[in-house]
Amino acid sequence: MDSLVAEQVWAVVMFVLGSFILNTCSKWERADQAVLKESKSYGRRKSDIVKPRTLRGTLMTLLGAGLCLGGMILFLLHI
């Protein structure tokens, strides 16, 4: 393999950016989950405690997964 072409460099950048977004989203979701597990929630049934779905989490997950997948496909297209 000689060197990376411009499209492959962009693919690597897309993959790294998507991974960063997914990692950040995961950290935020774990922090939100820790708040829900505080002592005020003891004594309730698990079915009463429903983790709310946020638009932020949904958009970040879709964007991160799309960037990772798109980066992988773009990289493999230009091999």
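The expected span of a helix is 1.5 Å times one less than its number of residues, where helices (H or I, at least four residues) and strands (E, at least two) are DSSP runs numbered from the N terminus. The model is predicted, so that local features need pLDDT of at least 70 and side-chain atom pairs count only at pLDDT 80 or more, while totals for chains, interfaces and linings use all residues. Residues are numbered from 1 along each chain as its sequence is written, and side-chain values use heavy atoms, with hydrogens and water left out.

**Exercise 1. Compare the expected span of H2, and then that of H1, with the distance between its end C-alpha atoms.**

Solution. The chain has two helices and zero strands. For H2, 23 residues at 1.5 Å a residue should span 33 Å, and the end C-alpha atoms are 32 Å apart, which agrees. For H1, the 31 residues should span 45 Å, and the end C-alpha atoms are indeed 45 Å apart.

**Exercise 2. List the buried residues of each helix and state what packs against them.**

Solution. Begin with the cut-offs: buried means under 20% relative accessible area, exposed over 50%, and partly exposed in between (1.4 Å probe, protein chains only). In H1, the buried residues are Gln8, Ala11, Gly18, Ile21, Thr24, Cys25 and Glu29; in H2, they are Gly57, Met60, Gly64, Leu67, Cys68 and Gly71. Next, consider the cover, with contact taken as heavy atoms within 4.5 Å: the buried residues of H2 pack against H1, and what covers those of H1 includes H2. As background, an α-helix has 3.6 residues a turn, so residues three or four places apart point the same way. Over the chain, buried residues make up 18% of the 79 residues, and among contacts between residues at least 6 apart in sequence, 88% join residues at least 24 apart.

**Exercise 3. Describe the surroundings of Gln8 and Phe75.**

Solution. Gln8, in helix H1, counts as buried because its relative accessible area is 2%. The C-alpha atom of Gln8 is separated by 8.3 Å from that of Gly71, 63 residues away along the chain. Phe75, which is found in helix H2, is partly exposed at 25% relative accessibility. Leaving aside neighbours within four places in sequence, Phe75 is in contact with Leu4, Gln8, Ala11 and Val12. Phe75 and Val5, 70 residues apart in sequence, are 9.5 Å apart in space, C-alpha to C-alpha.

**Exercise 4. Classify Cys25 and Cys68 by burial, and state how many disulfides the structure holds.**

Solution. Cys25 counts as buried at 6% relative accessibility, and Cys68 is likewise buried, with a relative accessible area of 9%. The structure holds zero disulfides, a disulfide being a pair of cysteine sulfur atoms within 2.5 Å.

**Exercise 5. Identify the nonpolar surface patch and the elements that build it.**

Solution. Patches are made of residues with over 30% relative accessible area and no salt bridge, like charges being joined within 9 Å and nonpolar side chains (Val, Leu, Ile, Met, Phe, Trp, Tyr) within 5 Å; a salt bridge is a side-chain nitrogen of Lys or Arg within 4 Å of a carboxyl oxygen of Asp or Glu. Val12, Phe15, Val16, Leu69, Met72, Ile73 and Leu77 form the patch, with about 640 Å² of accessible area together (Shrake-Rupley method, 1.4 Å probe; for residues, only the protein chains shown count as cover). Helix H1 (6–36) and helix H2 (55–77) each give two or more residues, and H2 gives the most, with four. Leu69 lies in helix H2 and counts as partly exposed at 48% relative accessibility.
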